[in-house]
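The following note is offered to a colleague who is meeting this structure for the first time. Please read the points with the sequence and the model at hand.

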Amino acid sequence: SEHFPPDGKLRVYRSRTGGNEWEALGKGLPQSDCYVNVLRDAMAVDSLDSCGLYFGTTGGQVYASADGGDSWTAIVRDLPAILSVEVQGPVTQRSILDALEARYPMLRGTIRDQVSHKRRNMVRFFVCEEDVSHEPVDAPLPGTIATGADPFVILGAIAGG
């Protein structure tokens, strides 16, 4: 019933023996007074040559590791983290995601597949409170998105318990 890190220390556990032995990894993670939860499906890997590991917490933080979990860096401290990106040309789903991935390379492969550029199954895009996830990626978005009056929302569904 108590879903938070033991002793208030956020850790990731790694096994290199098929689950026979586990190693607690906490370098760069909060090691005191941390009472967020990490659901089992809130961890992902990217497809870059130097494989990145990522996990999100119920507190809105996202952590990344570029060294197999030996050390971690907070890439999002509290959502929403990205308030704006500069988009070149027409404002479309594709141009927003291109700009986002250019500014935050650690997101490559997490929102959309890097080969096909198709949206990941558990990710949805919202514009003016409407789901535009299945709209053409090069369709122009409303002007209120370009001006920042309305947000382009990227929502990832994470399940688990």
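1. A residue is called buried when its relative accessible area is under 20%, and exposed when that area is over 50%. Val36 counts as buried because its relative accessibility is 15%. This residue, Val36, lies in the loop that runs between strand S2 (23–25) and strand S3 (43–45). The C-alpha atoms of Val36 and Leu10 are 8.2 Å apart, although 26 residues separate the two along the chain. The reader should bear in mind that the model is predicted.

2. As to the overall make-up, the protein chain contains two helices and nine strands. Read from the N terminus, the order of the elements is β-β-β-β-β-β-α-β-β-α-β. The protein chain has 161 residues, and 31% of them count as buried. The exposed surface of the protein chain comes to about 10,200 Å², of which carbon and sulfur atoms supply 53%. If one takes the contacts between residues at least 6 apart in sequence, 40% of these join residues at least 24 apart.

3. Strand S4 (residues 53–56) deserves a separate paragraph. It pairs with strand S5 (residues 62–65) in the antiparallel sense, over four bridges. S4 also pairs with S3, again in the antiparallel sense, over three bridges. Leu53 takes part on both sides: Ser65 in S5 stands opposite Leu53, and Leu53 is also the bridge partner of Val45.

4. The connection between S4 and S5 is a hairpin with five residues between the strands. In the turn, Gly60 has a positive phi of about 90°.

5. Which way do the residues of S4 point, and are they buried or exposed? Leu53 and Phe55 point one way from S4, while Tyr54 and Gly56 point the other way. All four of these residues are buried.

6. A search of the whole structure for aromatic pairs finds three. One of them is formed by Phe55 and Trp72, in an edge-to-face arrangement with 5.2 Å from centre to centre and 75° between the planes. This pair links distant parts of the chain, since Phe55 belongs to strand S4 and Trp72 to the loop between S5 and strand S6 (73–76), 17 residues apart. Phe55 and Trp72 are both buried. Ring pairs also bring in Tyr63, so that Phe55, Tyr63 and Trp72 are linked into a cluster.

7. Helix H1 (residues 93–103) has several buried residues: Gln93, Ser95, Ile96, Leu97, Ala99, Leu100 and Glu101. What covers these buried residues of H1? The cover includes strand S7 (123–127), helix H2 (143–147) and strand S9 (152–156). As general background, an α-helix has 3.6 residues a turn, so residues three or four places apart point the same way.

8. The last point concerns Ser133, in the loop between strand S8 (130–131) and H2. Why does Ser133 count as buried? Ser133 is buried because its relative accessible area is 7%, which is to be set against the limit of under 20%. Its side chain makes a polar contact of 2.5 Å with the side chain of Asp131. Leaving aside residues up to four places away in sequence, Ser133 touches Arg119, Val123, Arg124 and Phe125.

Notes
Residues numbered from 1 in each chain as written. Predicted model: local features only at pLDDT ≥ 70, side-chain atom pairs only at ≥ 80, totals over all residues. Heavy atoms only, no water. Buried < 20%, exposed > 50% of the residue type's maximum accessible area, 1.4 Å probe, protein only. Contact = heavy atoms within 4.5 Å. Areas by Shrake-Rupley, 256 points an atom, 1.4 Å probe, with all protein chains shown as cover. Pairing = 2+ DSSP bridges. Phe/Tyr/Trp six-rings, centres within 6.5 Å; stacked < 30°, edge-to-face > 60°. Polar contact = N/O pair within 3.5 Å; in protein donor to acceptor, adjacent residues only side chain to side chain.
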